[in-house]
Each structure stands twice: as C-alpha cells, then as structure tokens.
Amino acid sequence: FVDTDALVVAEAGQEVEAVVAADGWEAFRAMEEAALSKASELPGKVISTGGGIVLSQANRDLMYRTGVSFYLAADAGLLIARMLRDPNAAQRPALTPLALHDEVAAVMSEREALYMASMDHMLQAHRSVEELVDDALVALGLKEWDYSEKERVLDRY
C-alpha cells in the first residue's frame, strides 16, 4: 500500500498544508505527480491518491497504463461528515475560500467527470470496509459474486 500524499510529505519534510502555504497548489500538484510516478513503478502495489490527482492528464494516463483504477464514490454529505470527524487541516487544506459544504460541492462538480472517465470500477464509499474489499475482489475477477448473501449487483450502484 502506498499513499501519494504520504510520499509527498516524506519528500517535502512537511505536511501538505505547509507545502501549499509555502509554494502553492501548483508546486504540490507537481510533487504529487512525481509521487504517483514513483509509486507506479513499485510491483504489486495498491496506490491511494488524493482526489485532485485526476486534474492532471499525465496522472490519468499513468494510472490507465499502470494499473486498475477504482473510484471510491461518495456524496457530499458523506465526505463532509468524514472531514468533520477527522479535520486534519495539515493533510487537507482548503482548496477555495468557500464554506466547507460549498467547497465540497464545487470540487465534486469540477472533478466528477474526470473521476468517471478515469475509473475502471466504482466502489460506493458508504459501504463497510469488508464490503468494499469484497466488491473490489469481484470487480477484479478474483472472487465470484455471492447472490444469496448480497443485494443484487445493480443495487450497489
């Protein structure tokens, strides 16, 4: 498991918020792109990316060439609830001067088409970790769907 934000923090020697404050979002995005490139060279990896990774065509192309992409889809309410429960500003600085709900809605609106175009599979973020792992294994063809124990496939999306 490799987290691109953790790679950026390790490389910069400071949290994402400090990188952005000192050098701006453009500098962070360049470091994020380098982190994705480094992570994609590792064998047998699961790479966790920040939501903005899809803003770069180069990142989208690299993800397409080097692996299978899952979009962990969540509605604004779920994202906001999770952000309020874990308000790690050092890891997730504000992207805009908007209030949190307005910012999340604006960012989702901007990125949703990129997520949809970049994914190989969609997972629903409201599901439990166990259910998400099960869904991922089914999507990858590593497990058969158990219709007797689960809801219909179409109900998942």
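Is Thr4 buried or exposed? In this predicted model, Thr4 has a relative accessible area of 0%, so it is buried. The cut-off for buried is under 20% relative accessible area.

Thr4 belongs to helix α1, which covers residues 4-12. Leaving aside residues up to four places away in sequence, Thr4 touches Ala35, Leu36, Ile47, Ser48, Thr49, Gly50 and Ile53.

Thr4 is one of the buried residues of α1, which are Thr4, Asp5 and Val8. When one looks down the axis of α1, these buried residues fall within an arc of 105°, so they line one face of the helix. A general property of helices helps here. An α-helix has 3.6 residues a turn, so residues three or four places apart point the same way. The buried residues of α1 are covered by elements that include β1 (2-3), α2 and β2 (47-48).

Next come the two ends of α1. Its N-terminal end is capped by Asp3, which has a side-chain oxygen 2.8 Å from the backbone nitrogen of Asp5. Asp5 is also among the buried residues of the helix. After α1 comes Gly13, and the phi of Gly13 is positive, near 75°.

Helix α2, one of the elements covering α1, also packs against another helix. It spans residues 16-40, and its partner α3 spans residues 57-66. How are the two arranged? Their axes are 10 Å apart and meet at an angle of about 10°. Angles under 35 degrees count as roughly parallel, and α2 is therefore roughly parallel to α3. On the α2 side, the contact is made by Glu33, Leu36, Ser37 and Ser40. On the α3 side, Ala58, Asn59, Leu62, Met63 and Thr66 take part. Sorted by class, the residues in this contact are four nonpolar, four polar and one charged. Leu36 appears in this contact and is also among the residues that Thr4 touches.

Not every residue of the model is buried like Thr4. Ala22 lies in helix α2, and it counts as exposed because its relative accessibility is 54%. Between the C-alpha atoms of Ala22 and Gly52 there are 19 Å in space, and the two residues are 30 apart in sequence.

Ala99 offers another case. It sits in the loop between α4 (76-85) and α5 (100-118). With a relative accessibility of 47%, Ala99 counts as partly exposed. The C-alpha atom of Ala99 is separated by 23 Å from that of Leu72, a residue 27 places away along the chain.

Terms used. Residues are numbered from 1 along each chain as its sequence is written. This is a predicted model: local features need pLDDT of at least 70, side-chain atom pairs count only at pLDDT 80 or more; totals for chains, interfaces and linings use all residues. Side-chain values use heavy atoms; hydrogens and water are left out. Helices (H or I, at least four residues) and strands (E, at least two) are DSSP runs, numbered from the N terminus. Buried means under 20% relative accessible area, exposed over 50%, partly exposed in between (1.4 Å probe, protein chains only). Contact means heavy atoms within 4.5 Å. Axes are lines fitted to C-alpha atoms, for helices over the stretch in contact, and angles run from 0 to 180 degrees between N-to-C directions. Angles under 35 degrees count as roughly parallel, over 145 as roughly antiparallel, 65 to 115 as roughly perpendicular and the rest as oblique. Ala, Val, Leu, Ile, Met, Phe, Trp, Tyr, Cys and Pro count as nonpolar, Asp, Glu, Lys and Arg as charged, and the others, Gly among them, as polar. The arc is that of the directions from the helix axis to the C-beta atoms. A polar contact is a pair of N or O atoms within 3.5 Å; within protein, one must be able to donate a hydrogen and the other to accept it, and residues adjacent in sequence count only if both atoms are side-chain atoms.
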